[in-house]
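Me: Please take a close look at the sheet and what packs against it. I want strand order and helix contacts, then the core, then any odd backbone angles.

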Amino acid sequence: MAVKAVPFHSKEYWESRFDKENHFEWLSTWSTLHSHVKPYLDPNEPILHLGCGNSTLAFEVADSGYPYVINVDYAQNVIQHMQSITDTDRYPHVSWRAADCLKPIGEQLLDNKKDQQEDSDSVVEYSVVMDKSLVDCIACGDTDNLAQQKKLADNIMSVTRPNGVWISVSFSGERKYIAQQSKWIWRREITVPIKADQSHDKPGAPEIFYWLSVHRKVPS
Ligand SMILES: C[S@@+](CC[C@H](N)C(=O)[O-])C[C@H]1O[C@@H](n2cnc3c(N)ncnc32)[C@H](O)[C@@H]1O
């Protein structure tokens with residue numbers, strides 16, 4: 001019998017899932033990740049969180065002292081849902097934007113800033129960009145030459161300040177963070193295994209690890 005793979009790289013899959021699902025946290029929670037990424041964060045600097053889904057990570061990030069979180073996902077319905085559940089008094093600087101990370105991200109953020117009639121700078125650049133399992137979705141739709149993962153790495157590069165970092169949490173420790181820009185590269189700073197929460201597994205189940213990587217934008 002043929003096994004049907006879940007189309008994690010399909011926007012329709014996510015939109016239909018978010019029509020029924022209010023919250024799901026992939027891979028790991030902020031309480032587990034925080035100590036590993038603390039050295040790369042600055043409370044005064046916004047964090048661009050890509051492929052946010054209906055994760056509550058942004059609220060936990062804000063509660064832990066980093067109030068500026070811009071969350072991005074290409075599923076418009078999840079962005080609307082997350083906007084509707086955000087307590088704007090408690091989280092005045094947590095925002096939600098629809099954008100496709102396989103297209104130029106900065107342009108889309110500028111466009112929807114204008115739609116929301118916010119003050120718009122002409123440059124969209126962040127010191128910290130984060131994704132939790134967005135890379136995995138992109139990898140699911142990839143070909144042997146990793147064209148989609150390279151496109152993601154390029155697009156993230158173009159919204160990252162020089163010396164800024166891309167913090168990525170993945171199912172795999174083998175993901176490739178390769179941009180094709182000639183001026184800049186992603187230089188690996190750390191890759192650490194993150195033990196999965198297995199509190200619901202049977203006793204004796206083999207341990208499972210996810211992978212946290214930090215890459216820095218440096219001249220090539
Ligand atoms: C595995 S889920 C992870 C959600 C969330 N980060 C978490 O950890 O719970 C991947 C998310 O990436 C989003 N996504 C996939 N491809 C995308 C793309 N090209 N642009 C923006 N978002 C994308 C999906 O809609 C989904 O919300």
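Reply: A residue is buried if 20 or more other C-beta atoms, placed from the backbone, lie within 10 Å of its own, exposed if 12 or fewer, and partly exposed in between. The model is predicted: local features need pLDDT of at least 70, side-chain atom pairs need 80 or more, and totals for chains, interfaces and linings use all residues. Numbering starts from 1 along each chain as its sequence is written.

Start with the sheet. It is open and has 7 strands (DSSP E runs of at least two residues, numbered from the N terminus; helices are H or I runs of at least four). The order across the sheet is E3-E2-E1-E4-E5-E7-E6. Pairing (at least two DSSP bridges between two strands) is mixed. The edges are E3, residues 94–98, and E6, residues 184–195. Each edge strand has a single partner, so one of its sides is left without a neighbour in the sheet. From one strand to the next, the twist averages 20° (axes are lines fitted to C-alpha atoms, for helices over the stretch in contact; angles run from 0 to 180 degrees between N-to-C directions).

Now the pairing of E1 with E4. E1 covers residues 47–50 and E4 covers residues 126–132. The two run parallel, joined by 4 bridges. One of the bridge pairs puts Leu 50 opposite Asp 131 in E4.

Two helices deserve attention here. H4, residues 76–85, lies across E2 (69–73) and E3, at about 160° to E3. H7, residues 147–157, also packs on the sheet. H7 touches (C-beta atoms, placed from the backbone, within 7 Å) E4, E5 (160–170), E6 and E7 (209–219). The direction of H7 makes about 140° with that of E5.

H4 also has a helix partner. H1, residues 11–20, packs with H4 at about 35°, and the axes are 8 Å apart. On the H1 side, the residues in contact are Glu 15, Phe 18 and Asp 19. On the H4 side, they are Asn 77, Val 78 and His 81. Ile 85 also belongs to H4. Ile 85 counts as exposed because 12 C-beta neighbours lie inside 10 Å. From Ile 85 to Asn 22 the C-alpha to C-alpha distance is 9.9 Å, although they are 63 residues apart in sequence.

Next, the interior. The largest nonpolar core (buried Ala, Val, Leu, Ile, Met, Phe, Trp, Tyr and Cys residues joined through C-beta atoms within 7 Å) holds 53 residues. Leu 48, Val 61, Val 69 and Val 129 touch the most other members. H6, residues 134–140, gives the most to this core, with 5 residues. Leu 48 shows how it is knitted: leaving out residues up to four places away in sequence, Leu 48 touches Ile 70, Val 72, Tyr 126, Val 129 and Val 159.

Last, the backbone angles. Leu 27 is not a glycine, yet has a positive phi of about 65°. Leu 27 sits in the loop between H1 and H2 (30–37). Leu 27 is buried, because 20 other C-beta atoms lie within 10 Å. Asn 163, again not a glycine, has a positive phi of about 75°. Asn 163 is in strand E5, a strand that H7 touches. Asn 163 counts as exposed, because it has 10 C-beta neighbours inside 10 Å.
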